[in-house]
Amino acid sequence: GKEVIAVILAAGVSSRLRPLTNDTPKPLLPVGNKPLLQRTLEALHQSHIKSCVLVTGYHKEKIEAFVGSLPLPLSVTCATNPHFATTGNNYSLWTAGPHVGGHDILVMDADILFDHRLLSLIINSPHNNSLIVRQTSHLGAEEIKVELDSTGDVVRIGKEIDPKAAAGESIGIEKFSGDAVRELFRVLDRRKGHNEFYEASFQQMIDGGVKIHAVDSGGLPCIEVDTMEDLDAANELAESLQ
């Protein structure tokens, strides 16, 4: 198929990880002795992704310098969210628009440590548009939850969904075909002024008839690193990842 471009969102301030993030942006925090962002870029390379758009904001010079120093055969274009301190990740995603055109894209947050095989799962999914869902018994208020229809397509996505109605949590890795990408950026263009998560734009697309299929993580591990507790868990998980 057409070349897939990865979009990695790495603009946030990560205030919950202060003081660690006072001088180091979260994607550069070492997890198992290797910066989180380096792990993500290596996973993309292992999945035969050739190019990536990195959206930076907080300490962007440090991220750009770090990426420039990596010997990876992956072309990385940086886009900037200048309003990273006051906007949601929907604005960060919107800033990647000019760099992706009508390509298929793989969207991911820069703060997840994941088994690289999750990327193959979603890239090879027969569904044009999909996102990875992890089934878990402890869904709380913080997780981005998904409710599915009988065919496995997403009906609702967001934090506010009743955990009892949810099939699981969205881990922050999504795939969209060129047509859906055009629609996504039209929606983001209208919504970017709202300080909200990009999932609100996914919901608007779904309400407008775009099908987004849930791909089960199949038990492959993944951790979103938001707190010190998450960082400890990620350091532990990093030991076991290939």
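# A tour from α7 to the loops

Just after helix α7, select Gly209: its phi is positive, about 105°. That is the opening stop in this predicted model.

**Back into helix α7**

Now step back and colour residues 199-207, which form α7. Which residues of α7 are buried? They are Glu199, Ser201, Phe202, Gln203, Met205 and Ile206. To see what covers these buried residues, show β10, β11 and α6, which are among the covering elements. We will visit each of them in turn.

**Helix α6 against α7**

Add helix α6, residues 178-191, to your selection. Turn the view until you can see both helices along their length. At what angle do α6 and α7 pack? The angle is about 120°, and the axes lie 9 Å apart. With that angle, α6 is oblique to α7. The crossing of the two helices is right-handed.

Next, show the side chains where the helices meet. From α6, pick Ala180, Glu183, Leu184, Val187, Leu188, Arg190 and Arg191. From α7, pick Ala200, Ser201, Phe202, Gln204 and Met205. If you colour this contact by class, you should find seven nonpolar, two polar and three charged residues. Look along the α6 list with one general point in mind: an α-helix has 3.6 residues a turn, so residues three or four places apart point the same way.

**Strand β11 and its partners**

Select residues 168-176 to bring up strand β11. Is this strand mostly covered or mostly open? It is mostly covered, with nine of its nine residues buried. While you have a strand on screen, remember that in a regular strand the side chains alternate between the two faces of the sheet.

Now add the strands that pair with β11, one at a time:

- Strand β6, residues 104-109, runs antiparallel to β11 and is joined to it by four bridges. Find Met108 here, and then its bridge partner in β11, Ile173.
- Strand β8, residues 130-134, is also antiparallel to β11, again with four bridges. Click on Arg134 and look across to Glu169 in β11, which stands opposite.
- Strand β9, residues 145-148, is antiparallel to β11 too, with two bridges between them. Lys145 has Glu169 of β11 as its bridge partner.

Keep Glu169 highlighted for a moment: you have met this residue opposite Arg134 and as the partner of Lys145.

**The hairpin of β9 and β10**

Stay with β9 and add strand β10, residues 154-158. How many bridges join β9 to β10? There are four, and the two strands run antiparallel. For one pair to look at, choose Leu148 and, opposite in β10, Val154. Five residues lie between the strands of this hairpin. In the hairpin, select Gly152, which takes a positive phi near 90°.

**A loop stop at Ser125**

Move to the loop between α5 (117-123) and β8, and select Ser125. Is Ser125 buried or exposed? Ser125 counts as buried because its relative accessible area is 10%, below the 20% cut-off. What touches Ser125, once its neighbours within four places in sequence are set aside? Show Ser130, Lys175 and Val215, and you have its contacts.

**Helix α1**

Select residues 36-46 to see helix α1, which is mostly covered: eight of its 11 residues are buried. The buried ones are Leu36, Leu37, Gln38, Arg39, Thr40, Leu41, Ala43 and Leu44. Following α1 you reach His48, where phi is positive, near 65°.

**Three more loop residues**

Select Asn33 in the loop between β2 and β3 (34-35). Asn33 is a residue other than glycine, yet its phi is positive, near 65°. With 79% relative accessibility, Asn33 counts as exposed.

Then go to His59, in the loop between β4 (51-56) and α2 (60-69). This residue is not a glycine either, but its phi is positive, about 50°. His59 counts as partly exposed, at 22% relative accessibility.

Finish at Pro19, in the loop between β1 (4-10) and β2 (30-31). Select Arg18 as well and zoom in on the link between the two. What kind of peptide bond joins Arg18 and Pro19? The bond is cis, with omega about 0°.

Notes: Residues are numbered from 1 along each chain as its sequence is written. This is a predicted model: local features need pLDDT of at least 70, side-chain atom pairs count only at pLDDT 80 or more; totals for chains, interfaces and linings use all residues. Side-chain values use heavy atoms; hydrogens and water are left out. Buried means under 20% relative accessible area, exposed over 50%, partly exposed in between (1.4 Å probe, protein chains only). Two strands pair if DSSP finds at least two bridges between them. Axes are lines fitted to C-alpha atoms, for helices over the stretch in contact, and angles run from 0 to 180 degrees between N-to-C directions. Angles under 35 degrees count as roughly parallel, over 145 as roughly antiparallel, 65 to 115 as roughly perpendicular and the rest as oblique. A crossing is left-handed if the near helix is turned anticlockwise from the far one by less than a right angle, and right-handed if clockwise. Contact means heavy atoms within 4.5 Å. Ala, Val, Leu, Ile, Met, Phe, Trp, Tyr, Cys and Pro count as nonpolar, Asp, Glu, Lys and Arg as charged, and the others, Gly among them, as polar.
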